Number of protein chains: 2
Amino acid sequence: MDTRERLIESARELLWERGYVGTSPKAIQQRSGAGQGSMYHHFHGKPDLALAAISRSAEELRARAEAQFSGPGGVVDRITAYLRRERDVLKGCPVGRLTQDPEVMSDPALRGPVAETFAWLTGRLAGLLAEGREGGELDTRLDPAATASALVAVLQGGYVLARAAGSPEAYEQAVDGAVGLLTAHVRRPAGGA
Amino acid sequence: MDTRERLIESARELLWERGYVGTSPKAIQQRSGAGQGSMYHHFHGKPDLALAAISRSAEELRARAEAQFSGPGGVVDRITAYLRRERDVLKGCPVGRLTQDPEVMSDPALRGPVAETFAWLTGRLAGLLAEGREGGELDTRLDPAATASALVAVLQGGYVLARAAGSPEAYEQAVDGAVGLLTAHVRRPAGGA
DNA sequence: GTCTATACATTGATAGAC
DNA sequence: GTCTATCAATGTATAGAC
């Protein structure tokens with residue numbers, strides 16, 4: 001991994017752990033093993049490097065989610081697999097975390113990837129739910145868009161509960177609750193993969 | 001309002017807007033109109049003042065929630081009223097926000113009020129749901145504890161979605177989705193206040 | 001109780017040698 | 001491309017006068 005790459009990966013880790021305000025260029029340099037001048041050679045400054053890091057985290061989140069959404073099984077199976085996928089629960093969501101950072105939200109360039117990620121995620125889930133409803137797997141009374149938002153919110157809020165409690169179980173309980181509520185809307189099992 | 005009080009209120013606002021790492025003693029002093037020495041006379045330092053501010057925000061959240069929980073109507077009415085209560089959605093949750101702050105979570109004193117708040121909130125909601133189930137208002141298949149966690153998570157995650165989208169509508173959509181899912185578990189309308 | 005002065009570390013960046 | 005100065009501003013306090 002070259003210097004530029006190490007800088008991006010170190011910035012990603014630190015943004016995840018400490019957010020934008022809590023992450024200094026110096027800390028990024030030390031974690032990556034790069035010197036002062038090296039960082040400023042590859043990037044214009046902290047915002048520029050942060051943009052590279054945020055964009056990559058957003059892409060990664062999307063790719064990992066898509067892997068579950070396009071997997072085998074019925075719509076409810078795939079959504080449940082996504083919710084229950086193994087996660088670093090106590091570390092929180094590397095993208096959702098950034099919504100709490102005023103400096104990220106006030107900079108359109110940094111904010112862009114965050115906004116796009118959640119727009120895509122809720123849209124993709126809404127599409128799956130609509131598919132399940134049309135295929136007869138889900139109750140017709142279920143509102144795909146609203147339900148999709150609620151499911152993404154349970155994930156993001158589950159991280160908050162887990163961090164507050166200091167235990168991943170709080171996340172799992174929230175997901176159990178969401179899956180339990182969703183299950184009441186299942187009309188018939190999926191027709192298999 | 002005396003100086004000590006103005007310091008606490010200014011710290012509360014800044015912690016809400018910018019988090020612990022993003023809030024400097026200097027900024028608190030300027031917002032409150034107090035001088036350097038004045039702040040260090042009333043508090044031992046930043047963590048001490050932050051503890052006072054966090055404790056008060058936690059108490060306030062609890063009081064406001066309890067006002068809805070002990071209000072009129074059936075269990076589902078009261079929970080829905082709580083979820084749909086008017087909120088400064090784009091500002092986020094003053095307590096939940098702190099879970100993203102590594103310096104808050106690593107200090108047991110600062111973390112305490114945050115952990116207690118969410119433990120109380122999910123417990124209180126679980127109690128209401130259990131009450132609704134025993135009274136015949138809710139389906140017996142509904143798991144009170146898991147559902148309570150999911151509802152609190154929808155709130156916290158709804159804030160994240162709203163901030164990402166830059167609009168309170170994202171929060172409202174998530175709440176609509178949660179209420180829609182919960183409604184499927186209602187067996188009969190509540191017996192009135 | 002409040003003020004001003006002082007202090008020392010960190011932040012975010014630039015300059016210029018190599 | 002990377003390194004070592006250097007820098008002005010900010011962060012988080014302490015000291016001591018009033």
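**Entry 1: the α8 pair**

I started with helix α8 (residues 144-165) of chain A against helix α8 (residues 144-165) of chain B: they pack at an angle of about 100 degrees, and their axes are 6 Å apart. Angles from 65 to 115 degrees count as roughly perpendicular, and I therefore put α8(A) and α8(B) down as roughly perpendicular to each other. A note to self before going on: this is a predicted model.

I then listed who touches whom. From α8(A) I got A:Ser149, A:Ala150, A:Val152, A:Ala153, A:Val154, A:Gln156, A:Gly157, A:Gly158, A:Val160 and A:Leu161. Facing them from α8(B) are B:Ser149, B:Ala150, B:Val152, B:Ala153, B:Val154, B:Gln156, B:Gly157, B:Gly158, B:Val160 and B:Leu161. Sorting the contact of α8(A) with α8(B) by class, I have 12 nonpolar and 8 polar residues, with no charged ones.

**Entry 2: chain A overall**

I stepped back to look at chain A. I find 9 helices and 0 strands in its secondary structure, so to speak of a pattern along the sequence is to write α-α-α-α-α-α-α-α-α. For the extent, I boxed the C-alpha atoms of chain A along the principal axes and got roughly 60 × 30 × 30 Å.

**Entry 3: α1 on α2 in chain A**

Next I looked up helix α1 (residues 3-18) and helix α2 (residues 25-32) of chain A. The packing angle is about 125 degrees and the axes are 8 Å apart. That angle makes α1(A) oblique to α2(A). I noted the crossing of α1(A) past α2(A) as right-handed.

On the α1(A) side the contact is made by A:Arg6, A:Leu7, A:Ser10, A:Ala11, A:Glu13, A:Leu14 and A:Glu17. On the α2(A) side I have A:Ala27, A:Ile28, A:Arg31 and A:Ser32. The class count for this α1(A)-α2(A) contact is 5 nonpolar, 2 polar and 4 charged.

**Entry 4: DNA strand C**

I moved on to the DNA. Around strand C I count 15 residues, and the closest are A:Pro25, A:Gln36, B:Thr3, B:Gly37 and B:His42. Of the strand C atoms that come within 4 Å of the protein, 53% belong to sugar and phosphate.

Which elements supply at least two residues each to the surface near strand C? I wrote down α2 and α3 (36-42) of chain A, plus α3 (36-42) of chain B. The largest share, 5 residues, comes from α3(B). By class I have 2 nonpolar, 11 polar and 2 charged residues on the surface near strand C.

Then I went through individual polar contacts to strand C:

- In A:Gln36, a side-chain N or O atom is 2.4 Å from a base nitrogen of strand C.
- In A:Lys46, a side-chain N or O atom is 3.0 Å from a phosphate oxygen of strand C.
- In A:Tyr40, a polar side-chain atom is 3.4 Å from a phosphate oxygen of strand C.

**Entry 5: DNA strand D**

I repeated the search for the other strand. How many residues surround DNA strand D? I count 15, and the closest are A:Thr3, A:His42, B:Pro25, B:Gln36 and B:Tyr40. Sugar and phosphate make up 56% of the strand D atoms that come within 4 Å of the protein.

The elements that each bring at least two residues to the surface near strand D are α3 of chain A and, from chain B, α2 (25-32), α3 and α4 (46-69). The largest share here, 5 residues, comes from α3(A). I sorted the surface near strand D into 3 nonpolar, 10 polar and 2 charged residues.

Polar contacts I noted for strand D:

- A:His42 puts a polar side-chain atom 2.7 Å from a phosphate oxygen of strand D.
- A:Gly35 has a backbone N or O atom 3.1 Å from a phosphate oxygen of strand D.
- B:Tyr40 has a side-chain N or O atom 3.0 Å from a sugar or linking oxygen of strand D.

**Entry 6: α5 and α7 in chain B**

I finished on chain B, with helix α5 (residues 75-84) and helix α7 (residues 108-134). I have them packing at about 150 degrees with axes 9 Å apart. Anything over 145 degrees counts as roughly antiparallel, and α5(B) and α7(B) therefore get that label.

The α5(B) residues in the contact are B:Val75, B:Arg78, B:Ile79 and B:Tyr82. They meet B:Leu121, B:Leu125, B:Leu128, B:Leu129, B:Glu131 and B:Gly132 of α7(B). The class count for the α5(B)-α7(B) contact is 7 nonpolar, 1 polar and 2 charged.

Methods. Residues are numbered from 1 along each chain as its sequence is written. Chains are lettered from A and ligands numbered from 1 in the order in which they are written. This is a predicted model: local features need pLDDT of at least 70, side-chain atom pairs count only at pLDDT 80 or more; totals for chains, interfaces and linings use all residues. Side-chain values use heavy atoms; hydrogens and water are left out. Axes are lines fitted to C-alpha atoms, for helices over the stretch in contact, and angles run from 0 to 180 degrees between N-to-C directions. Helices (H or I, at least four residues) and strands (E, at least two) are DSSP runs, numbered from the N terminus. Angles under 35 degrees count as roughly parallel, over 145 as roughly antiparallel, 65 to 115 as roughly perpendicular and the rest as oblique. A crossing is left-handed if the near helix is turned anticlockwise from the far one by less than a right angle, and right-handed if clockwise. Contact means heavy atoms within 4.5 Å. Ala, Val, Leu, Ile, Met, Phe, Trp, Tyr, Cys and Pro count as nonpolar, Asp, Glu, Lys and Arg as charged, and the others, Gly among them, as polar. A residue is near a molecule or strand if one of its heavy atoms lies within 4 Å of it. A polar contact is a pair of N or O atoms within 3.5 Å; within protein, one must be able to donate a hydrogen and the other to accept it, and residues adjacent in sequence count only if both atoms are side-chain atoms.
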